[in-house]
Structure formats: C-alpha cells, structure tokens
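Subject: Structure for you to look over

Dear colleague,

I am passing on the structure we spoke about, and below it you will find my notes on what turned up when I went through it. Please read them with the coordinates open beside you.

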Amino acid sequence: MDALDRLIADFDAALRAVAGVHRAARASPAEAVAEGELSPAEREHAAALMRVNHVGEVCAQALYQGQALTARDPALSGSLEQAAREEEDHLAWSAERVRELGGRLSLLNPLWYGGSLALGLAAGLLGDRWNLAFLAETERQVEQHLEGHLAQLAPDDDRTRRIVEQMRDEEAGHRKTALALGAEELPAPVKDLMRLASKVMTTVAYRL
Ligand SMILES: [Fe+2]
Ligand SMILES: [Fe+2]
C-alpha cells in the first residue's frame, strides 16, 4: 500500500469509527443472550454507559491508528494487529447495544477521535516504547472502567453484561500484548493526567 492508499484507508476507518457504522468480524457476545426485563431508568442508564464505552472504543481506534502511523519498528503494527481488530469488534458491539437500548451515540465522537489521535501521535513521536506505554496504560484504565460499569448494570441486563465482560477480558489481553512488546512504565503524573482526561470524557459522554 502506498502512502496515499494508507491515508485514504485511515480516513475511511476514522469516518466509520466516528459514525458508528463499523461491522464486527465476530458475532456480539450478547447474541445468544435473551433480553432482560429492564425498567426505563435501567435501560437509560445502560444506554448511557454503553455510549461512554463506545466513545472509549472510538478513542481506541484513534490510538491504534496513531500507533501504526508513528511506529518506528514496522513489525510492531503487525504484532498489534489482533488487538486492533478486536477493538473494531468492540466498537461495533457497543454501538449496536446502544441502539438496542434506545440510546444514541455521542455527538462529540469527531472530537474524541481527534483528541485521541493527537495524543497517540504525540506519544508515537517519543518512540515505540512510550507509544506502547501509552497504549498499555490506556488499556489498563479502560479495563478498570469496564469493571466499574459491570457493577452498575441492572441484575437482569445480561445482554449488556456479556459484551462488557468480553471487552474487559480482551482489553486485559491488549495491555499484556503492549507490555510484552516492551512498553515503558509511564511516570505517575502522566497516568494521573490520563485518568483526569478520561474522567472528563466519561462524564461528558454519559450525557452527550
Ligand atoms: Fe476495546
Ligand atoms: Fe483494547
């Protein structure tokens, strides 16, 4: 693929991520699970949580694309390919669940995408080990975040729960992959800053 093809492919992926029209390669973990009896408030809360998760996956798309664009070692992107593919499924599953619950996707997706791409590119410019460090820490925070969401879902909402559990398990795998590839440990203040940024994102995306 030459540089122009690559740019067009990235732009296409970005548009699909932002618009929530990506198709999953694997069936949603919710597929075999019956819809539970949810009150309108439970349904609304679950839709908002899944909107937040979908935004997280939009950011993951941007991060993995930024990583691929800046990687010094060409073998690195290949090693992260499976993780990137799983993120595409997460994107599609969470978008589908938001719609099933009667919610809508974040209006600010272009902003989330752009912000994450900028951060991913900036981390990439510092070199592969920091690029991977940023990826690993992001995955760790997403994993914790999904764990928190599991505790908030209605007892009967097994359909949402199955998706969130599978995403959490796979994010843990992505973190391990980044660490195995040589991720640095980020300095504590950077981790704190990332936690703050994610707090802002999740608070806003819950509503918008
Ligand atoms: Fe994900
Ligand atoms: Fe991930």
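Let me begin with a helix pair, in which His45, Leu49, Val52, Asn53, Leu63, Tyr64, Gln67 and Thr70 of α2 meet a set of residues in α6 that includes Asp128, Asn131, Phe134, Leu135, Thr138, Glu139, His145, Leu146, His149 and Gln152. The axes of α2 and α6 lie 11 Å apart and the two helices pack at an angle of about 170°; since angles over 145 degrees count as roughly antiparallel, α2 and α6 are therefore roughly antiparallel to each other. Please keep in mind throughout that this is a predicted model.

As for the overall architecture, the protein has 8 helices and 0 strands, and its pattern along the sequence reads α-α-α-α-α-α-α-α. Of the 208 residues in the protein, 48% are buried. Among the contacts with a separation of 6 or more, 86% are accounted for by residues 24 or more positions apart.

The metal sites deserve a careful look. The iron ion (ligand 1) has as its protein donors Glu57, which appears twice through OE, together with Glu87 (OE), His90 (ND1) and Glu171 (OE), and these lie 2.0 to 2.3 Å from the ion. Along the sequence, the donor residues of this iron ion (ligand 1) are spaced E-x29-E-x2-H-x80-E. The pair links distant parts of the chain, with glutamate 57 in helix α2 and glutamate 87 in helix α4 (residues 81-100), 30 residues apart. Glutamate 57 counts as buried, at 2% relative accessibility, and glutamate 87 is likewise buried, with a relative accessible area of 1%.

For the iron ion (ligand 2), the protein donors are Glu87 (OE), Glu139, again listed twice through OE, Glu171 (OE) and His174 (ND1), at 1.8 to 2.3 Å from the ion. The donors of the iron ion (ligand 2) follow the spacing E-x51-E-x31-E-x2-H along the chain. The two iron ions, ligand 2 and ligand 1, are 3.8 Å apart, and glutamate 87 coordinates both. Here too the pair links distant parts of the chain, since glutamate 87 belongs to helix α4 and glutamate 171 to helix α7, 84 residues apart. Glutamate 171 is buried, with a relative accessible area of 1%.

Turning to helix α7, its 23 residues should span 33 Å at 1.5 Å a residue, and its end C-alpha atoms are indeed 33 Å apart, which agrees. Aspartate 169 is found in this helix, α7 (residues 158-180), and it is partly exposed, with a relative accessible area of 47%. Aspartate 169 and glutamate 147 are 22 residues apart in sequence, while their C-alpha atoms are 9.8 Å apart in space. Just after α7, glycine 182 takes a positive phi of about 105°.

Helix α8 (residues 188-207) has 20 residues and reaches 29 Å from its first C-alpha to its last, close to the 28 Å expected at 1.5 Å a residue. Within α8, the residues Lys191, Met194, Met201, Thr202 and Ala205 are buried. Seen down the axis of α8, these buried residues fall within an arc of 95°, so they line one face of the helix. They pack against α2 (40-70), α5 (109-125) and α6 (128-152), whereas on the other side of α8 the residues Pro189, Leu193, Leu196, Lys199 and Arg207 are exposed.

One last point concerns a loop. Alanine 32 is found in the loop between α1 (3-19) and α2, where it is exposed, with a relative accessible area of 79%. Alanine 32 and arginine 159 are 127 residues apart in sequence, yet they are 8.5 Å apart in space, C-alpha to C-alpha.

With best regards

Note on methods:
Residues are numbered from 1 along each chain as its sequence is written. Chains are lettered from A and ligands numbered from 1 in the order in which they are written. This is a predicted model: local features need pLDDT of at least 70, side-chain atom pairs count only at pLDDT 80 or more; totals for chains, interfaces and linings use all residues. Side-chain values use heavy atoms; hydrogens and water are left out. Helices (H or I, at least four residues) and strands (E, at least two) are DSSP runs, numbered from the N terminus. The expected span of a helix is 1.5 Å times one less than its number of residues. Buried means under 20% relative accessible area, exposed over 50%, partly exposed in between (1.4 Å probe, protein chains only). The arc is that of the directions from the helix axis to the C-beta atoms. Contact means heavy atoms within 4.5 Å. Donors are N, O and S atoms within 2.8 Å of the metal (3.2 Å for Na, K and Ca); water is not among the atoms, so sites may look incomplete. Axes are lines fitted to C-alpha atoms, for helices over the stretch in contact, and angles run from 0 to 180 degrees between N-to-C directions. Angles under 35 degrees count as roughly parallel, over 145 as roughly antiparallel, 65 to 115 as roughly perpendicular and the rest as oblique.
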